[in-house]
Amino acid sequence: MGCAPSIHVSQSGVIYCRDSDESNSPRHTTSVSQGPAAPLPGLFVQTDAADAIPPSRASGPPGAARVRRARAELGSCSSTDSAAPAATTCRGRRRHCCSSAEAETQTNYSNVKQVSSAEVRIGPMRLTQDPVQVLLIFAKEDSQSDGFWWACDRAGYRCSIARTPESALECFLDKHHEIIVIDHRQARNFDAEAVCRSIRATNLSEHTVILAVVSQASGDHEEASVLPLLHAGFNRRFMENSSIIACYNELIQIEHGEVRSQFKLRACNSVFTALDHCHEAIEITSDEHVIQLHKIHRDSGDNSQTESHSFRYKNRRRESIDVKSISSRGSDAPSLQNRRYPSMARIHSMTIEAPITKVINIINAAQENSPVTVAEALDRVLEILRTTELYSPQLGTKDEDPHTSDLVGGLMTDGLRRLSGNEYVFTKNVHQSHSHLAMPITINDVPPCIAQLLDNEESWEFNIFELEAVTHKRPLVYLGLKVFSRFGVCEFLRCSETTLRAWLQVIEANYHSSNAYHNSTHAADVLHATAFFLGKERVKGSLDQLDEVAALIAATVHDVDHPGRTNSFLCNAGSELAVLYNDTAVLESHHTALAFQLTVKDSKCNIFKNIDRNHYRTLRQAIIDMVLATEMTKHFEHVNKFVNSINKPMASEIEGSEYECNPTGKNFPENQILIKRMMIKCADVANPCRPLDLCIEWAGRISEEYFAQTDEEKRQGLPVVMPVFDRNTCSIPKSQISFIDYFITDMFDAWDAFAHLPALMQHLANNYKHWKTLDDMKCKSLRLPSDS
């Protein structure tokens, strides 16, 4: 802050206007009595006080008896005669005006404090902080104002005093004080809260700490709340205490707390303002090389465009900032600088704020005045929020459990994405027509052996493998007809049963019967589990009929044309599908896309042809969302969202009321989406919750499919995604234990808490015990040899 030419008042009442303190020759002189001064009424002229606190405030510092008072009420006195200066005694104080004027006394007391600047460190930066400026707003001088005055002197602060609200505001706008102390004890002098609000209304007050001096509460009165003061704009409250030490301690705490924090914040803003005007590309990273800010400045003629991608600035308390210049100095630099990006400039000027940005801003605001321990904990929270996989647990080294590591690597990643010359293509031709198929039978013409099995399809104990055997590996058509009829799908879609039968046949024909696991029997099993879940009371009460129909269709098509290989395999092999879907949710995207292609291609099997466009769009989006939810890379995200949005609110509401309410009702479409995702995910991997014989059969089938993938990876020289699934060395019990521990238990605990599935949880416990028994006995097969 620059200083204006100073005004020095001598004992003789003459004002000397000088350009600087170093100049001793007056530039202009005039008498005080020549007219009113420029500052507002009530503004006092003050200077820095003496170096040491005197033994008694009444007597002042040594030599004070020989000093005349130098305080002049500029503007409130129209004239000053020669007797006026001698009418009062001086306490040794030399006060300076809020408008950069100083009143200097001609005194033998020369022990004037030399206020020095302080050095503050923030990361690698060394900042020089000017002496703190304090504004005291007291209508009358008393022991309390004296206490703060001498406290400022002891701390080396520059202190100013204002007597009226108008002069206080004028003074603040001129000096920009870091600390303001307002007398809040007597309302008859001025409204302290109104003064505070008027100061807060200025932009300059953003970095100012305002302290309210309040009266001591009497013994029979309860202590008043600080909320009215906070709402008025005060930062702190000081209980009336004229002790210099008490005032000194309060000011020192403010300086080392809020003032210094605000100073660092202004310094950071200055740094980023400088970066904004820099003509080079800039990256700011943390010590771990996590990008905090990425800025590209491009200049084109007279116009310049700046792209600034700002992420959260990492942990200002504990880490330094690594600034890297990544500007191009090559021969092509001019051509890069001449490129223009007006659209990016418009985007960055938009006031678009994502929910995660709002969360980070709230945490930043909470950090400002938090204790160090809380602030550090919030820093850790921000570090976690910066990760891209918020819901995926961080799996450490699993040398002791390679099965878990391989399952995670094979199911939750897209492999190494290393393309090879051996591209994996499907050898099975996609059936896009059902004309070669025999005319399907109606639900009423089902053979007795199949009909007898289907009578039990509503039970969780339903044996899908028996249906597979009697239907000659075509269980999906028969089970689909029965389930879709029970849920009134034809009536909802306004399609005939003939169209539905044709559609089911086309879909089943495009499942690979040669796959050990991902075939139409698995699709029928998932359809059965989905229908079972839809029959549970809370699920039924949370979803509309459209949701039910979408869930049944999604279960039917969720693995259509599955090649019997994982996404990781397809990405490593450079398959056509991996290239088409950019290595992202390759199979799940293919399943949904092909299902709709097959459906709408032929009117004879188009089950959507009679519904209106809006219903079709809504139904299509629901089906796509559910099928994509079966992709395992988002497994923990879906589970955690379900727990936080469904389970926890439901538990809280049930505990807080005597009746069981429905927190996931139809008024919450976001919750309906989470329920549908969770439902199809559980249906897709429900094998460990089936009766033991069915569980063992499914475990053998999925293991065989993984064995076949490992064999092919070795033949083609591809990365082996899941090395433990080597048919010569694999322990199937260990793989099942790892799968249940890592993927199944938590998910079904959450689903059971919502849908109430005690029978499934009992099967899960029994099956886990079976696998643990085999593992304890070092058995690597599905059953003990004696059982086989």
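In what follows, Ala, Val, Leu, Ile, Met, Phe, Trp, Tyr, Cys and Pro count as nonpolar, Asp, Glu, Lys and Arg as charged, and the others, Gly among them, as polar. The structure described here is a predicted model.

**An enclosed cavity**

A search of the whole structure finds six cavities of 30 Å³ or more, and the second largest of these has a volume of about 40 Å³. Its lining is formed by Trp503, Ile553, Val557, Ala595, Phe596, Thr599, Phe608 and Ile623. Two elements, α18 (545-557) and α21 (586-601), each give two or more residues to this lining, and the largest share, three residues, comes from α21. Sorted by the classes above, the lining of the second largest cavity holds seven nonpolar residues, one polar residue and no charged residue.

**A pair of helices**

Elsewhere in the model, the axes of helix α26 (residues 732-755) and helix α27 (residues 758-776) come within 10 Å and cross at roughly 160 degrees. Angles over 145 degrees count as roughly antiparallel, and α26 and α27 are therefore roughly antiparallel to each other. The crossing in which α26 passes α27 is left-handed. Among the residues that make the contact are Ile737, Ile740, Ile744 and Phe748 of α26, together with Leu760, Leu764, Tyr768 and Trp771 of α27. The residues of this contact divide into 13 nonpolar, one polar and six charged.

The two sets of residues can be set out by class.

| Set of residues | Nonpolar | Polar | Charged |
|---|---|---|---|
| Lining of the second largest cavity | seven residues | one residue | no residues |
| Contact of α26 with α27 | 13 residues | one residue | six residues |

Technical notes. Residues numbered from 1 in each chain as written. Predicted model: local features only at pLDDT ≥ 70, side-chain atom pairs only at ≥ 80, totals over all residues. Heavy atoms only, no water. Axes fitted to C-alpha atoms, helices over the stretch in contact; angles between N-to-C directions. Helix = DSSP H or I, 4+ residues; strand = E, 2+ residues; numbered from the N terminus. Parallel < 35°, antiparallel > 145°, perpendicular 65-115°, else oblique. Left-handed = near helix turned anticlockwise from the far one by under 90°. Contact = heavy atoms within 4.5 Å. 1 Å grid on protein atoms, 1.4 Å probe; cavity = no way out; pocket = protein on both sides within 12 Å on 5 of 7 lines; lining within 4 Å. Points joined across faces, edges and corners; volume = space filled by probe spheres on them.
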